[in-house]
Every structure is written in structure tokens, then in C-alpha cells.
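Okay, hi everyone. Have a look at the structure on the screen, and I'll talk you through the cysteines, the cores and a pair of helices.

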Amino acid sequence: TPLFRYRIEVVTDEPVALTPASDLHCMVVPADYATPHRSRWKARALCYAVERSRNEAKDYIVHLDEESWPSTSAVVGIAEFVARHNNRFLPPIGQGMILYYRHLTGRRLVPNLLTLADMLRTGDDIGRFRFQYRMGKAPMGIHGSFIVIRTDVEQRIGLDVGADGSLTEDAWFALAAQSAGAEFAWVNGYVVEQAPERVVDFVKQRRRWWNGLFRVALFAPSKAWARLTLFGFLVLWGAAMVGSVYTVLNLFLGLETHPVASWLGTICFAWYLTMYLSGLRLNIAAWRQDVDQRVPRWHRLALYAGVAGLMAVLGLPAAAAEP
């Protein structure tokens, strides 16, 4: 979809044998490379990429992960986003929707279940994340992929987040950008990524998010209200483990639940179920469009029933990731 000129820049820690092309620029981070604030992992690689990039100040960068599949809708959405905001002195940082339907087509049980668990993330994109972007803010952070940002904006804010920010460099960057006066906006379209294939990887991923976001809430260079908002989200996330344990125990002990707690639990359950089902609906719709074939009705019904019936099970790996 040639709506604009583009170049693909790939940054890795180890050399990758990619076929040379005129629109491809590969960068390998030297083993002895270090940033002034000693950023680590992905943040370190991104700092190196910004320094070695061939971009001009007014060029746009679209951050993607190694397993990201850009869609036609993403390309159209990026073009619309640039046309809408490029005349501003400091254009907003854009974020689009991420889908995870890949393993829905497979027959392996664990990857399928973990993919269903990640339906919550798509529901979260169109709920909590899109809501904050509509206000021009990002106190909950941003995802590290499908970020659309002009080069001079990224250079002005900087990606050298230090050791504390390197676990969740995306959220740290978002709060730092917000503190520096940057705004945020939604990008139409989606990219397709992949859920973890093993339970242990799923738990490690969520544990990294928890620990990283906790450090962001405590130490990120941001105003207190933004860090308190993120901290409140983490407290609610931590309380989910208590609710999971109580629910399981109540099946066997028949404990008496206070009406207020019961209603709050029911509301939370309804909210989570809505997020799961909304995310699944969007993933199925994109899956049908991308593979250009009709998904059997029984398959769709089985996926919806699986999400609704196994919601408590799907949430256990995330709850297990909490300290």
C-alpha cells in the first residue's frame, strides 16, 4: 500500500541474515555500547537506533516488535494520522490497536488458551488505552509496539530511561513524554502480534510488566497525578489475586460475602468479561479478513464459549505473576 515513502530499519543485539535491499537499514548494537544512563535491553537498543538512524527530523518512526505483522489498515491509519497532525509544532505520539489471533488457527491447546487470555489486551486497547489517548494523556503508559512518533519529538524526549525504566521502557517513556508536554492520540488500524506459547513465558511477561510498572510509578520523571494513577491501577491489579483466591476458597467453604463486596465483584467480573469478548470479536473479524476465508460458525461459538467459560482460568497466569 504505497501511501508514503518508507524505509525499514532493523536493530538487533546479534547479526541477522536479512536479504539486502535499498529500503532496508540494519543496525547491530555493539557489545560495548552503553548509554549515559545505563539503559538496558530494548531501551539500550532503541537508543542506539535513534543515534544511527537515517531519519530526518520531520520523518515519522513506527515502532514495531520482531513478530509484528503490519496490516493494510495500519498503513492507511498511519497516513491519516500524519496528515491530521503533521502541521503541529509538536505532533502527538500515536498508538494503534494490537491483535493476537495467530494461534486461534492452530490445534495446540496451550498456545490457544494463552491467545484467548491475550484477548483482554485487545479489549484494553479499545477501552482504557484509547480512553486516555482521547484525552491526550497516557498516565497508564503505552505499548512498546505500533507507536507512531515524529523523529524530532522522539529525539527531544529521549529513550535513555536508565536501569529502573528498562523493564517497561514504553511506560517510562510515555510518562516522561507527558511531563515534557507531549500529547497522545489514537491511530486507526491494527498490527498483529503473537501471544506467548508457554505458560512460563506468559507468567514471566506479566511479572516483568508488574515490576517495571511499579518502578515507573515510583521513579518516572512525571507529575505526581500521573504516577498516582498508574500506582492505583497496580493496586487494583494486585487485588485481583485476592479475589481469585477468595473465589476458589468460597466454592468449598461457602463463606458469607458482604453485599457491597458481592456487587463490586460482579461489576468487575462484567467489565473483564466485556473486555475479553470485545477483544475476541475484533480478533476474529480481522482474522477472517486477513486470511480471506470464512471462519466456521461452530469455531466462533466455541471461542466465545471458551472465553466466557474459562475466564477465571485464563486470568490465573496473570494473577500468578504478581509478587
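Let's start with C26, which is partly exposed because its relative accessibility is 43%; partly exposed means between 20% and 50% relative accessible area, with buried under 20% and exposed over 50% (1.4 Å probe, protein chains only). C268 is also partly exposed, at 45%.

Quick background: this is a predicted model, where local features need pLDDT of at least 70 and side-chain atom pairs pLDDT 80 or more, while totals for chains, interfaces and linings use all residues. Residues are numbered from 1 along each chain as its sequence is written, and side-chain values use heavy atoms, leaving out hydrogens and water.

So how many disulfides are there? Counting cysteine sulfur pairs within 2.5 Å, we get 0. For C26, the nearest cysteine sulfur belongs to C47, 20 Å away.

Now the cores, meaning sets of buried Ala, Val, Leu, Ile, Met, Phe, Trp, Tyr and Cys residues joined through side-chain atoms within 4.5 Å. The largest has 56 residues, and I93, I142, F146, F184 and L280 touch the most other members. A second, separate core has 15 residues, including L213 and L230.

Stay with L280: beyond its neighbours within four places in sequence, its contacts (heavy atoms within 4.5 Å) include L104, M119 and V307.

Last, the helices, which are DSSP runs of H or I, at least four residues, numbered from the N terminus. Helix α4 (residues 119–134) packs against α10 (residues 259–291) at about 95°, axes 7 Å apart. That's why we call α4 roughly perpendicular to α10, a label for 65 to 115 degrees. M119 of α4 and L280 of α10 are among the residues making that contact.

Definitions and conventions: Axes are lines fitted to C-alpha atoms, for helices over the stretch in contact, and angles run from 0 to 180 degrees between N-to-C directions. Helices (H or I, at least four residues) and strands (E, at least two) are DSSP runs, numbered from the N terminus. Angles under 35 degrees count as roughly parallel, over 145 as roughly antiparallel, 65 to 115 as roughly perpendicular and the rest as oblique.
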